[in-house]
Structure formats: C-alpha cells, structure tokens
Amino acid sequence: MTPDNAACSRLRAWQEVLLWLPIAGILATAIWFSWNPTPLAQALAATFIACALIHATFAYGAQRALIFEVVPVV
C-alpha cells in the first residue's frame, strides 16, 4: 500500500464513520419512540418503512423490494 492509498483509505474510514453516526442516531431514536404508541411514533415508523422500501428498490430492484415489503405483512 502506498502512502497515497493509505491517506485515501483513512479518508474513506472517516466518511464511513460520519455516515454511520447519523444512521445509528436515527435507529436509536426509532427504538426509543417505539415503546410508546403515539402519533409521532407511528409517523416515525411509517417514515422508516418508506426509507427501507426506497433503499431496497435502489439496492435490489423494484420487484425484489416489493417482495421484501409484502412477505412480512402476509
């Protein structure tokens, strides 16, 4: 590994940390709100379901994303 690759690798590591910190915060917030069935908790759950569907569509394609969403409901 050259020094240039090492610097690039360290930069990517920090970018990953900066990406995963908000994701962890959002998930922790969702778990915290899920204990009380309030309208805010239900709106937050709907938002997470929509985000999961969008993520699955981009990552796996529309047909597989739909299967991922429908199978647990049935």
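This is a short walk through a predicted model of a small helical protein chain, element by element.

Okay, let's start with the overall layout. The protein has 3 helices and 0 strands, so reading from the N terminus you just get α-α-α. How confident is the predictor? The mean pLDDT of the protein is 77, with 84% of its residues at 70 or more. Going by element, α2 has the highest mean pLDDT, at 84, and α1 the lowest, at 72. Keep that in mind when I talk about α1.

Next, how much of this protein is buried? Of the 74 residues, 7% are buried. The exposed area comes to about 6400 Å², and 72% of that is supplied by carbon and sulfur atoms.

On to helix α1, which covers residues 3-34. One of its residues is L21, and L21 is exposed because its relative accessible area is 55%, over the 50% cut-off. L21 also belongs to a nonpolar surface patch, together with W14, V17 and L18. That patch measures about 470 Å². Here's a bit of helix background: with 3.6 residues a turn, residues three or four places apart point the same way. Have a look at the patch residues W14, V17, L18 and L21 on your screen with that in mind.

Helix α2 runs over residues 39-60. Does its length agree or disagree with what you'd expect for its 22 residues? It agrees: at 1.5 Å a residue α2 should span 32 Å, and its end C-alpha atoms sit 31 Å apart. Inside α2 there's A50, which counts as partly exposed because its relative accessibility is 37%. A50 and E69 are 19 residues apart in sequence, and their C-alpha atoms are 9.8 Å apart in space. Then, just after α2, you come to G61, which takes a positive phi of about 100°.

That brings us to helix α3, residues 62-73. This one has 12 residues and reaches 17 Å from first C-alpha to last, close to the expected 16 Å. Is α3 tucked away or in the open? Largely in the open, because the number of buried residues among its 12 is 1.

Last item: aromatics. The structure holds 1 aromatic pair, and the partners are Y60 and F68. To describe a pair like that, you give the distance of the centres and the angle of the planes. Here the ring centres of Y60 and F68 are 5.3 Å apart and the planes meet at 85°, so we call the pair edge-to-face. And how accessible are the two partners? Y60 is partly exposed, at 47% relative accessibility, and F68 is partly exposed too, at 44%.

So, to recap: 3 helices, a nonpolar patch that includes L21, and an edge-to-face pair of Y60 and F68. That's me done, thanks.

Terms used:
Residues are numbered from 1 along each chain as its sequence is written. This is a predicted model: local features need pLDDT of at least 70, side-chain atom pairs count only at pLDDT 80 or more; totals for chains, interfaces and linings use all residues. Side-chain values use heavy atoms; hydrogens and water are left out. Patches are made of residues with over 30% relative accessible area and no salt bridge: like charges are joined within 9 Å, nonpolar side chains (Val, Leu, Ile, Met, Phe, Trp, Tyr) within 5 Å. Accessible areas come from the Shrake-Rupley method with a 1.4 Å probe; for residues, only the protein chains shown count as cover. A salt bridge is a side-chain nitrogen of Lys or Arg within 4 Å of a carboxyl oxygen of Asp or Glu. Helices (H or I, at least four residues) and strands (E, at least two) are DSSP runs, numbered from the N terminus. Buried means under 20% relative accessible area, exposed over 50%, partly exposed in between (1.4 Å probe, protein chains only). The expected span of a helix is 1.5 Å times one less than its number of residues. Rings of Phe, Tyr and Trp (its six-membered ring) pair if their centres lie within 6.5 Å; planes under 30 degrees apart count as stacked, over 60 as edge-to-face and the rest as tilted. pLDDT is the predictor's confidence in each residue, from 0 to 100.
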